[in-house]
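Colleague: I am new to this structure and would like to understand how each term you use for it is earned. Could we go through it together?

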Amino acid sequence: MFRTGIDVSQLFKAAFRRYPTGVAVITATGPGGPVGLTASSVASVSVEPPALSFSVMGTRSARAIVEAPSFVVNMLGPGHATLAHDFAHAGRPRFTPEQGWDVLPTGEPVLAGALATLRGTPLHLVEVGDSTVVVAEVLEVVLGTGGGRLVYHDREFIAHHP
């Protein structure tokens with residue numbers, strides 16, 4: 001079953017391509033203005049205190065989010081596949097009025113049509129290889145209208161409307 005001599009990193013990536021996950025855009029205000037990235041690694045960590053985790057790689061946006069005093073996790077729904085793609089690739093449009101962005105009183109960009117919006121502050125930053133795992137306390141939650149889902153599976157954003 002398990003074999004030696006096979007590149008575990010390549011198999012690891014292939015394994016996770018087979019595992020569907022939810023999709024979020026994580027946003028913050030960086031030194032140069034709003035920043036954001038698509039994440040499929042958001043997970044619940046604790047209910048008391050409310051905490052979540054996600055991981056980011058060393059991009060400019062990721063560094064700004066990790067260094068920000070607070071950020072927003074915008075959980076995406078089925079109408080957000082293009083937005084998820086835009087925030088997953090450099091040079092794509094970000095924070096346009098057509099995408100539905102607003103700004104919280106605390107300064108973070110927020111997606112008005114998100115399934116849920118969670119504002120948090122970092123509790124722990126754990127460096128692992130070329131990534132940083134962020135464990136964050138959730139300070140505020142706003143629930144949007146439910147219905148449908150957006151998942152990331154095999155390098156593709158897949159929307160399902162009920």
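Modeller: Gladly, and please keep in mind that this is a predicted model. Let us begin with the largest nonpolar core, which has 21 residues, and in which Ile26, Leu37, Leu52, Phe54, Ile65, Phe71 and Val73 touch the most other members. The elements that give two or more residues to this core are S2, S3, S5, helix H2 (60–67), S6, strand S9 (116–128) and strand S10 (131–143), and H2 gives the most, with four residues.

Colleague: What makes this set of residues a nonpolar core?

Modeller: The term asks for buried residues of nonpolar kinds, such as Ile, Leu, Phe and Val, that are joined through side-chain atoms within 4.5 Å. The 21 residues form the largest such set, with Ile26 and Leu37 among the members that touch the most others. As a general background, nonpolar side chains tend to be buried together in soluble globular proteins.

Colleague: Which residues is Leu52 in contact with, once its neighbours within four places in sequence are left aside?

Modeller: With contact taken as heavy atoms within 4.5 Å, Leu52 touches Ala43, Ser44, Val45, Val73, Leu118, Val134, Val135, Ala136 and Val138. There is also a second, separate core of twelve residues, which includes Leu83, Phe87, Trp101 and Leu150.

Colleague: Why is strand S2 (residues 24–30) called mostly covered?

Modeller: A residue counts as buried when its relative accessible area is under 20%, and six of the seven residues of S2 are buried.

Colleague: How do you know that S2 and strand S3 (residues 33–39) pair?

Modeller: Pairing requires at least two bridges between the strands, and S2 and S3 have seven, in the antiparallel sense, so the requirement is met. One example is Ala24, whose bridge partner in S3 is Ala39, and the two strands are joined by a hairpin through two residues. S2 also runs antiparallel to strand S6 (residues 71–75), to which four bridges join it, with Val73 as the bridge partner of Ile26.

Colleague: Which strands stand at the edges of the sheet with the order S3-S2-S6-S9-S10-S5-S4?

Modeller: In this open sheet of seven strands, where the pairing is antiparallel, S3 and S4 are the edge strands, since each pairs on one side only. Neighbouring strands are turned by 35° against each other on average, with direction ignored. Within the sheet, S5 and S10 pair in the antiparallel sense over seven bridges, and Ala51 has Glu137 as its bridge partner in S10. Helix H2 lies across S2, S3, S5, S6, S9 and S10, running at about 105° to S3.

Colleague: What makes S1 and S12 edge strands in the other sheet?

Modeller: That open sheet has three strands in the order S1-S11-S12, with antiparallel pairing. Strand S1 (21–22) and S12 each have a single partner strand, so one side of each is left without a neighbour in the sheet. Helix H3 packs on this sheet by touching S11 and S12, and its direction makes about 160° with that of S12.

Colleague: Why can the buried residues of H3 be said to line one face of the helix?

Modeller: The buried residues in H3 are Leu83, Ala84, Asp86 and Phe87. Seen down the axis of H3, they fall within an arc of 160°, so they line one face. These buried residues pack against S2, S3, S7, strand S8 (109–111), S11 and S12.

Colleague: Why is Arg155 called exposed?

Modeller: Exposed means a relative accessible area over 50%, and Arg155 has 61%, so the term applies. Arg155 lies in the loop between strand S11 (149–153) and strand S12 (156–160), and its phi is positive, at about 65°, although it is not a glycine.

Colleague: What makes the peptide bond from Glu48 to Pro49 worth pointing out?

Modeller: Most peptide bonds are trans. The bond from Glu48 to Pro49, however, is cis, with omega near -5°, and Pro49 lies in the loop between strand S4 (43–46) and strand S5 (51–57).

Notes: Residues numbered from 1 in each chain as written. Predicted model: local features only at pLDDT ≥ 70, side-chain atom pairs only at ≥ 80, totals over all residues. Heavy atoms only, no water. Buried < 20%, exposed > 50% of the residue type's maximum accessible area, 1.4 Å probe, protein only. Axes fitted to C-alpha atoms, helices over the stretch in contact; angles between N-to-C directions. Arc of directions from axis to C-beta.
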